[in-house]
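The following exercises concern the contact between two domains of one chain. Each task is followed by a solution in steps.

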Amino acid sequence: MSTTGMRYVDEFRDPQLAAGLARAIAHAARPRRNYAFMEFCGGHTHAISRYGITDLLPANVHMIHGPGCPVCVLPIGRIDIAIGLALARPDVILCSYGDCLRVPASAGLSLHKARARGADVRMVYSAADALALAQREPRREVVFFAIGFETTTPPTAVVIEQARALGVDNFSVICNHVLTPPAIDALLGAAATGRDDAPHLDGILGPAHVSTVIGSAPYDFVAEHHHTPVVIAGFEPLDVMQAILMLIRQVNEGRVAVENEFTRAVSLTGNRKAQALVEGVFERREAFAWRGLGSLPHSALRIRPAFARWDAELKFALEDRPVPDHRACECAAILRGAKRPSDCALFATVCTPQTPLGACMVSAEGACAAHFSYGRFRDRERAATTGTQP
Amino acid sequence: MSTPDPAYRRPIDLKHGRVDLAFGAGGQAMAQLIAELFARAFANDYLARGDDAAVLPALTAGERLVLATDAHVVSPLFFPGGDIGSLSVHGTINDLAVMGARPLYLAASFILEEGFALAELARIVDSMATAARAAGVAVVTGDTKVVERGKGDGIFITTTGVGALPAGRDPGGARAQPGDAILVSGPLGDHGMAIMAQREALAFESEIRSDSAALHDLVETLYAATDASAIHVLRDPTRGGLASTLNEIAAQSGVGMLVDEASIPVSSAVQSACELLGLDPLNLANEGKLVLICAPHATASLLAAMRAHPLGGGAACIGEVCIDPQGFVQLRTCLGGRRMLDWLAGEPLPRIC
């Protein structure tokens with residue numbers, strides 16, 4: 001966009017630097033082999049689509065979308081308990097982040113649609129807003145539906161601590177926070193089996209914001225156990241391109257290491273203070289059922305017993321049950337990187353960002369929504385070259 | 001001893017009073033509100049007659065009548081650069097202007113919530129009157145209803161406007177042709193972001209003001225700068241922003257578009273706020289910007305005319321119309337890649353105009 005210039009942003013979107021990186025990538029990528037890299041984060045998926053980065057890569061460098069989109073991996077059963085609570089209890093105000101409200105759940109409902117049926121569901125921009133709402137509405141039960149990876153976990157920990165410190169007893173949290181390393185572990189474990197439904201991966205583009213919290217060290221197992229290179233990258237387009245170049249170089253040189261492109265924000269050990277805060281409020285669940293990845297051990301957090309009064313699952317005796325995805329929905333395979341959005345029969349027909357059937361079509365970070373909004377014009381180009389119908 | 005004046009009526013307390021149900025009940029209170037607030041502010045002969053409708057003069061021969069209506073439910077009611085009053089005037093004038101019409105008259109309906117402060121109502125009505133006067137358009141008829149407390153949100157305003165379309169002008173969303181140039185009259189997203197910044201949950205310090213303005217004079221300037229047939233489409237990119245507007249036009253005309261991201265004007269304040277909030281300025285509403293699609297031979301003269309007008313200083317040519325039966329609007333990104341510029345999905349900005 002033609003603006004008068006914005007420091008700390010323009011530098012990471014410079015067209016000349018991008019062209020230089022594109023040349024370096026084209027030069028580094030060996031023409032006789034393929035490179036398949038997974039960007040774990042929805043933030044990267046969004047940046048790749050938003051800036052048309054695919055056009056700047058050689059045809060043999062493939063980016064595969066990963067499952068790092070919080071609303072995409074949230075199982076339907078978790079949304080169902082929130083909807084059930086909000087519909088059953090008129091005294092409850094259920095708050096969550098915007099994208100969460102549109103996720104399709106059972107019985108054709110979403111939190112958004114539950115609102116039209118009388119549930120008091122509100123969008124908040126932060127966990128702190130939800131706590132403030134509870135303080136403003138002392139006669140209501142304010143329930144914060146918390147989702148996200150390690151990035152959004154510390155703010156949730158803060159409000160739970162604050163609720164205790166301030167004695168705000170009409171506030172509680174449905175905790176759906178999940179952890180990145182177990183998901184990467186599951187993806188690469190499946191890839192190692194060579195099954196059809198698990199793509200081979202030559203490297204992982206590591207999370208940006210998540211890594212600012214947890215640091216780069218938690219990815220060491222990817223190199224050590226899975227022998228797969230990792231490059232942690234920022235969310236700006238030049239970050240992504242630089243990281244892709246670093247991955248190609250690792251592959252070419254036969255090296256397997258955790259490298260950090262995002263050094264301006266990510267350190268080896270991460271944000272210790274945030275980690276301590278999270279550790280104090282949350283503990284690991286034995287297992288958590290991820291959409292697409294199935295039940296993964298120690299992959300999600302719950303609120304520690306010391307904070308049980310603010311745990312909505314205990315307070316309202318909520319219990320989720322597994323709910324199957326729509327029969328034809330390919331979200332699960334797409335989240336594993338095994339299929340592309342356009343491989344799904346529902347894509348851009350009955351499933352669109354306006355009327356999403358699968359979670360990947362909800363958030364702008366979801367693989368299907370990103371492809372629908374930014375990339376679906378390419379499907380006909382691909383169809384023209386391969387002779388298939390788009 | 002005082003002598004009672006049988007005709008005396010205590011004036012409405014426009015400073016401290018509040019809307020009550022009587023103001024919409026059709027009795028004296030309503031008549032008083034109309035006389036002491038609306039008729040006084042809008043001051044014109046049509047309203048002064050006090051009839052149920054305005055009887056308007058005939059158009060000049062060859063002119064066609066254009067009619068548009070727009071409901072306004074903006075929250076907050078007052079924002080930097082405007083308020084619901086001025087917005088309700090500009091919104092309808094702009095709907096007429098982008099059809100090539102000269103706006104002539106407005107009708108205004110007010111839905112007031114019981115308890116709404118009369119001081120705020122007076123401020124809004126005065127703002128409407130100022131905006132209408134500045135635009136040379138009279139508010140010639142109106143209506144007021146009051147709903148019980150809790151059944152409205154302070155005030156909703158619907159304005160309906162009529163305008164005259166001179167012979168030879170025929171812009172329309174279905175008229176974009178491959179090869180046409182796409183112009184915008186200035187930086188995008190100011191209104192949407194000004195509203196967003198005022199929202200309770202987000203409130204952040206910013207210098208961003210709404211661009212709310214009446215565009216009919218700019219449109220007249222454009223028609224003076226070229227032959228009328230060269231102006232194919234005019235539209236004001238309100239809700240859904242530039243992205244939705246271009247997609248609407250592409251769908252109506254059965255064409256595609258190629259837009260160059262680097263040439264789309266966006267102020268650095270809006271761009272920064274969008275970065276912060278994860279929004280795209282091309283999805284944000286504008287209330288004083290024009291999208292113009294014109295025959296390629298007229299591009300230079302229309303761009304120059306826009307830039308010479310006070311409301312078009314930041315105008316730019318941002319792309320062109322192309323052949324595409326599927327109607328995709330494609331954007332060349334600032335890095336040189338391509339992507340679609342799609343409709344706004346969902347609702348990042350509820351109730352902004």
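**Exercise 1: Charged and polar pairs**

Task: State how many salt bridges are counted between domain 1 of chain B and domain 2 of chain B, and identify the residues of a salt bridge formed by Glu220(B).

Solution. In this predicted model, the count between domain 1 of chain B and domain 2 of chain B is one salt bridge. Next, locate the two domains: domain 1 of chain B spans 21-165 and domain 2 spans 173-340. Glu220(B) forms a salt bridge with Arg102(B), and their closest N and O atoms are 3.5 Å apart. This distance satisfies the cut-off of 4 Å for a salt bridge. Finally, seven residue pairs in polar contact are counted between the two domains, with both residues at pLDDT 80 or more.

**Exercise 2: The side of domain 1**

Task: Determine which elements of domain 1 of chain B give two or more residues to the side that touches domain 2 of chain B.

Solution. The elements that meet this condition are helix H3 (84-97) and strand E4 (102-113) of chain B. H3(B) supplies the largest share of that side, eight residues. By class, the side has ten nonpolar, seven polar and two charged residues.

**Exercise 3: Extent of the contact**

Task: Describe the separation of the two domain centres and the area buried between the domains.

Solution. Taken over C-alpha atoms, the centres of domain 1 and domain 2 of chain B lie 28 Å apart. The contact takes 19 residues from domain 1 and 21 residues from domain 2. Together the domains bury about 1700 Å² between them, 58% of it on carbon and sulfur atoms. In domain 1 of chain B, Pro80(B), Asn94(B) and Val98(B) lose the most area to domain 2, together 32% of what that side buries.

How values were computed
Residues are numbered from 1 along each chain as its sequence is written. Chains are lettered from A and ligands numbered from 1 in the order in which they are written. This is a predicted model: local features need pLDDT of at least 70, side-chain atom pairs count only at pLDDT 80 or more; totals for chains, interfaces and linings use all residues. Side-chain values use heavy atoms; hydrogens and water are left out. Domain bounds come from an automatic or database domain assignment. Contact means heavy atoms within 4.5 Å. Buried area is the accessible area (1.4 Å probe) that two parts lose on being put together, summed over both. A salt bridge is a side-chain nitrogen of Lys or Arg within 4 Å of a carboxyl oxygen of Asp or Glu. A polar contact is a pair of N or O atoms within 3.5 Å; within protein, one must be able to donate a hydrogen and the other to accept it, and residues adjacent in sequence count only if both atoms are side-chain atoms. Helices (H or I, at least four residues) and strands (E, at least two) are DSSP runs, numbered from the N terminus. Ala, Val, Leu, Ile, Met, Phe, Trp, Tyr, Cys and Pro count as nonpolar, Asp, Glu, Lys and Arg as charged, and the others, Gly among them, as polar.
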